[in-house]
Amino acid sequence: MRRRELLLASVAMAVVAATGRAAVAAPQTVLRMGFTNSRAAQMGAGAVEFARQAELATNGRIRIELYPNGEAGGELEMVQDIALGALDMAFPSSSVINGIEPSIGIFDIPFLFRDVAHARAVLDSDIGKQSLLQLESHGIIGLAWGENGLRHVTTANTAVRKPGDLSGIKIRVPQSEVMVAGFKAFGADAQALAFPDLYPALASGSFQAEENPIGVILSGNFDRVQRYLNLTGHVYSPGLILIGKHVFERLSPEDQSALGQAAVLGAKASRDAADRSEKAGIDELRNRGMTVVSDVDRVAFADAMAKVAGDFEKRFGKDHIDAIRAFGQ
């Protein structure tokens, strides 16, 4: 089922609900959940586990239908559709959320986190919980922080070891103003593009580079259209398990609690899958023929961010950025 069919189905269900002409009340609540990668990738694995746990925790009262591979649209489209009531749930990366709630864009700042453990600790703390609460005013409930993973740059023809190696290269980044600004600071021609359009854009040569976590690079078969895997680790990319506020509020308190607990388990599954991909995926991509560039000058990349540090501090607040950087020290 493609995105248009999902939207038409939503309209049909809304008409039935409004007119009261449903013949028999369904014994089960069916929630439609979209995500842009495959079921095998980290957020796909998290979504599968979330759906399984939700059905178990509610004794079958809730069933979650999964729409992988962008079947429900790009990440920004899905989040917008949730807010509009045209889609029930999604598991997007945080990079598109700043188009809905700008404050969450803080997590897209390159080299914000010391490492993956630091990022997870921040998101599981009150900092992360307060960020999720900001979505409620937009008609969205954030159930849990999952994981897309540590993002790395891939390129068609150029090994990337320092910021200058990206100079003039047209690179696709997610629909995130923060990430566009970050890569422009590296000297790249950074342009946002929805994930479902990425592979064709790389195959046609209209983009020469992209950046994603290892699991996404693997499941997306980007090795077929990209030669170099450059281990930049420039951004830790969280994922969010989201549900429409109007959908969530129709559930009983018992089922709301069960869904929240299932989301935490699904989020953990996405983190576990990301760990597995990061460890084994690099070797797999090397075996598929990619040249792995590991001697990346991360200090030089971090230093290049000084060009836009003031803009980020103005946008998000220096105190907030400093609190994240210092968390756990």
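The legends below accompany close-up views of a predicted model.

**View 1. Strand β5 and its parallel partners β6 and β7.** Strand β5, which covers residues 170–173, is joined by 4 bridges to strand β6, residues 189–192, and the two strands run parallel. Strand β5 is also joined by 2 bridges to strand β7, residues 209–213, and this pairing is again parallel. Residue I171 can be followed through both pairings, since it stands opposite A190 in β6 and opposite A209 in β7. Together with helix α6, which spans residues 177–185, strands β5 and β6 make a β-α-β unit that is right-handed.

**View 2. Helix α6 and the turn into the residues after it.** Within helix α6, the buried residues are V178, M179, V180, G182, F183 and A185. The helix is followed by G187, a residue whose phi is positive, near 95°.

**View 3. The surroundings of F183 in the largest nonpolar core.** The largest nonpolar core has 54 residues, and of these F107 and F183 touch the most other members. When its neighbours within four places in sequence are left aside, F183 is in contact with V153, L166, I171, V173, A188, A190, E211 and H234. A second core, separate from this one, has 25 residues, including L31, F35, A47 and I243.

**View 4. Aromatic pairs, with F113 and Y236 as one example.** The count of aromatic pairs comes to 7. The ring centres of F113 and Y236 lie 5.9 Å apart and their planes stand at 85°, an angle over 60 degrees, so this pair is edge-to-face. Distant parts of the chain are linked by the pair, with F113 in the loop between β3 (89–90) and α4 (116–124) and Y236 in strand β8 (residues 228–244), the two being 123 residues apart. Both F113 and Y236 are buried. Another edge-to-face pair is formed by F183 and F186, at 5.3 Å centre to centre and with 85° between the planes, and both of these residues are likewise buried. One aromatic cluster is made up of F107, F113, W145 and Y236.

**View 5. A lysine over an aromatic ring.** The charged end of K170 sits over the ring of F207, at 4.6 Å from the centre of that ring. Residue K170 belongs to strand β5, which covers residues 170–173.

**View 6. Strands β1 and β2 with the helix between them.** Strand β1, residues 29–34, and strand β2, residues 62–67, run parallel and are joined by 6 bridges. In this pairing, G34 of β1 stands opposite Y67 in β2. Helix α2, residues 42–57, completes with β1 and β2 a right-handed β-α-β unit.

**View 7. The buried residue Q42 and its contacts.** Residue Q42 has its place in helix α2. Its relative accessibility is 1%, and because buried means under 20%, Q42 counts as buried. Leaving aside the neighbours within four places in sequence, Q42 is in contact with E147, N148, G149, P213, G215, V216, S270, A273, A274 and S277. Among these contacts, P213 lies in strand β7, which covers residues 209–213.

Methods: Residues numbered from 1 in each chain as written. Predicted model: local features only at pLDDT ≥ 70, side-chain atom pairs only at ≥ 80, totals over all residues. Heavy atoms only, no water. Pairing = 2+ DSSP bridges. Right-handed = clockwise from strand over helix to strand, strands pointing away. Phe/Tyr/Trp six-rings, centres within 6.5 Å; stacked < 30°, edge-to-face > 60°. Buried < 20%, exposed > 50% of the residue type's maximum accessible area, 1.4 Å probe, protein only. Lys NZ or Arg CZ within 6 Å of the ring centre and 35° of its normal. Core = buried A, V, L, I, M, F, W, Y, C linked by side-chain atoms within 4.5 Å. Contact = heavy atoms within 4.5 Å.
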